[in-house]
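Work through the exercises below with the sequence and the structure side by side. Try each task before you read its solution.

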Amino acid sequence: MDNTTIAAISTPLGSGGIAVIRISGEKAIDIADKVFKGKKKLKELKGYTAQFGHVYNKDILLDECVATVFTAPHSFTGENVAELSLHGGEYVVKKVLETLYKKGAVPAKAGEFSYRAFINGKIDLTEAESIMEIISAKNERALTVAERNKQGAITKKINTIKNDLLGLIAKISVWCDYPDDESMEIDESEFLSVCENIKNELTRLINSFNNGKLLKNGINTVIVGKPNVGKSTLMNMLSKEDLSIVTSIPGTTRDVVETTINLNGYTFNISDTAGIRETENEVEKIGVERALKRVKNADLLLMLFETGEILTQEDATLLLKYKEKTVAVINKTDLEKNGKNIIEKTEKTEEFFKKNNVPYVKISAKENIGEEELISVITKTLKLIDTDSSEVILGSFRQKTAAENALNLIENAIGAIKENTPADAYGVLLDEALAYLLELTGERVTNEVADRVFKDFCVGK
Ligand code: GDP
């Protein structure tokens with residue numbers, strides 16, 4: 001274990017009301033005492049207490065300061081920790097840090113505070129990763145999931161799977177030790193049912209990762225539809241701002257207009273594209289090409305139609321090609337009051353959607369009608385996990401890969417059991433699967449893997 005005492009600024013560098021310097025290590029409080037002067041020495045304070053005072057470099061006053069003291073093991077890192085809250089100026093922080101380094105602290109590396117917390121058993125790897133998720137959360141749902149993972153939701157789930165697996169492994173080792181004892185015979189049907197259950201749980205977890213990504217990065221959404229169907233108006237309705245130019249001349253939205261909005265706890269990165277249609281206009285052609293590329297890469301496609309509009313072959317092809325991620329939207333339903341003719345045509349379009357299982361919703365973007373239903377249909381189409389449920393959502397690619405490796409081995413074990421392979425042979429597969437689960441939580445992990453997790457952290461975290 002590293003016995004140095006580290007120090008770094010833990011708040012963003014720049015001007016602000018307050019900046020916090022964190023010092024951690026065996027000598028953290030002694031070193032803080034060398035720069036801090038208050039009523040009492042900091043080492044006389046109990047953990048979890050704070051004291052007002054001043055920070056000096058020799059006799060030169062650097063700043064006023066509130067020092068907070070945490071004594072090992074009751075701190076974030078599990079070591080002695082002192083936190084100095086100063087005025088948030090870049091220069092003053094630099095001067096105080098320089099003084100601390102002169103008094104024996106060393107600059108903390110990126111993620112080193114969290115790394116020490118991990119090494120000292122204060123947090124596991126999934127909890128460490130969730131700190132990053134909390135910091136980068138852009139919406140309510142991403143934050144809910146990150147906070148739950150910080151409280152150990154992933155580890156709890158993995159531990160349940162792990163215990164089932166350990167039960168099987170224990171039975172195999174007893175069977176190996178007492179091969180002639182009939183009461184120790186392996187019950188293959190029990191093994192199969194436990195492994196199938198583990199397989200389902202792992203598959204669910206692995207699938208949750210993509211959902212987590214949509215929560216974290218936002219749902220890349222493309223709005224397409226012919227000129228004048230109301231794409232810009234819809235985007236404005238959803239964003240509650242006038243972001244696109246709304247006019248009644250077809251083809252006004254020549255280029256891609258992008259905006260990010262938070263709706264119902266989700267972040268949507270929306271591009272309002274030029275309408276997709278055959279055109280001779282060179283500028284519009286470029287717009288259409290860009291739109292098609294975006295459609296391909298999008299997580300969600302909102303295909304907008306006007307009430308009374310009959311679908312073209314072009315529309316139908318695009319719809320069916322991206323059916324899994326498309327919600328068809330019939331706009332301008334307020335115009336339906338103008339005649340039976342419109343309604344009959346719309347019904348034909350609706351029949352097509354129903355026949356082909358294309359999710360659709362009817363709205364009036366202009367009159368702000370249908371937003372709630374639209375969100376509900378989007379949620380169903382993208383199979384978004386309800387973050388209010390207790391469903392666990394994996395937070396990193398590393399976790400997903402470990403779960404996939406474990407799943408792979410479990411599937412092989414299931415194959416082996418079905419083929420009546422001797423238990424010690426598939427026992428090896430179960431052991432290996434267990435190792436991946438231990439890697440996922442960080443209970444058994446190589447330095448290389450741990451280093452990779454913390455390298456993405458910034459200094460002071
Ligand atoms: P875009 O070319 O698809 O972006 O269409 P716009 O959003 O620019 O809208 C074209 C025209 O349709 C504008 O005059 C809008 O006011 C009108 N419009 C948009 N949505 C509705 C709607 O729900 N009802 C009615 N009656 N008109 C709408």
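The exercises that follow concern a predicted model, and each comes with a worked solution.

**Exercise 1. Overall form**

Task: Find how many helices and strands the chain has, and decide whether the chain is more spread out than a compact globule or not.

Solution: Begin with the count of elements, which gives 15 helices and 13 strands. Next, take the radius of gyration, which is 30 Å, and set it beside the 23 Å that the globule rule gives for 461 residues; the value for the chain is well over that of the rule, so the chain is more spread out than a compact globule. The spans of the C-alpha trace along its principal axes can then be added to the picture, and they come to about 85 × 80 × 35 Å. Finally, turn to burial and contacts: buried residues make up 50% of the 461 residues, and of the contacts with a separation of 6 or more, 68% are between residues 24 or more positions apart.

**Exercise 2. Backbone exceptions**

Task: Locate the cis peptide bond that involves Pro 73, and then state where Tyr 48 and Asn 368, which have a positive phi, lie.

Solution: Start from the background, which is that most residues other than glycine have a negative phi, and most peptide bonds are trans. Against this, the bond that joins Ala 72 and Pro 73 is cis, with an omega of about 5 degrees, and Pro 73 belongs to the loop between β5 (60-70) and β6 (81-88). Then consider Tyr 48, which is not a glycine and yet has a positive phi of about 65 degrees; Tyr 48 is in the loop between β3 (36-38) and β4 (49-57). With a relative accessible area of 60%, Tyr 48 is over the 50% cut-off and therefore exposed. Asn 368 is another residue other than glycine with a positive phi, near 60 degrees, and its place is the loop between β13 (360-362) and α12 (371-381).

**Exercise 3. A covered helix**

Task: Determine how many of the residues of helix α1 (residues 28-35) are buried, and what the buried residues pack against.

Solution: Count along the helix, and six of its eight residues turn out to be buried, so that α1 is mostly covered. The buried residues are Ala 28, Ile 29, Ile 31, Ala 32, Asp 33 and Val 35. To see what covers them, look at their packing partners, which are the strands β2 (16-24), β3, β4, β5 and β6, together with helix α2 (90-102).

**Exercise 4. Two buried charged residues**

Task: Describe the surroundings of Glu 127 and of Lys 400.

Solution: Take Glu 127 in helix α4 (residues 125-136) to begin with. Glu 127 is buried yet has no salt bridge, and Lys 150, the nearest side chain of opposite charge, is 4.9 Å away; the cut-off for a salt bridge is 4 Å, so this pair does not count. Not counting residues up to four places away in sequence, Glu 127 touches Lys 122, Asn 149, Lys 150, Gly 152 and Thr 155. Move on to Lys 400, which is in helix α13 (residues 397-418) and counts as buried at 16% relative accessibility. Its contacts, with neighbours within four places in sequence left aside, are Ile 206, Phe 209 and Leu 394.

**Exercise 5. Salt bridges within and between elements**

Task: For the salt bridges of Arg 116, Lys 157 and Lys 162, name the partner of each and say how the pair is placed along the chain.

Solution: The total for the chain is 16 salt bridges, and three are followed here. Arg 116 meets Glu 112 at 3.3 Å, N to O; these two are four residues apart in helix α3 (residues 112-119), and thus separated by about one helical turn. Both Arg 116 and Glu 112 are buried, and they are linked with Glu 79 in a network of salt bridges. Lys 157 meets Glu 201 at 2.8 Å, N to O. Since Lys 157 lies in helix α6 (residues 153-177) and Glu 201 in helix α7 (residues 188-217), the pair ties together parts that are 44 residues apart in sequence. Last, Lys 162 and Glu 443 form a salt bridge, with their closest N and O atoms 2.9 Å apart. Because Lys 162 lies in helix α6 and Glu 443 in the loop between α14 (423-441) and α15 (447-455), this pair ties together parts that are 281 residues apart in sequence. Lys 162 is buried, with a relative accessible area of 9%.

Methods
Residues are numbered from 1 along each chain as its sequence is written. This is a predicted model: local features need pLDDT of at least 70, side-chain atom pairs count only at pLDDT 80 or more; totals for chains, interfaces and linings use all residues. Side-chain values use heavy atoms; hydrogens and water are left out. The radius of gyration is taken over C-alpha atoms; the globule rule is 2.2 Å times the number of residues to the power 0.38. Buried means under 20% relative accessible area, exposed over 50%, partly exposed in between (1.4 Å probe, protein chains only). Contact means heavy atoms within 4.5 Å. Lys and Arg count as positive and Asp and Glu as negative; His and the chain ends are not counted.
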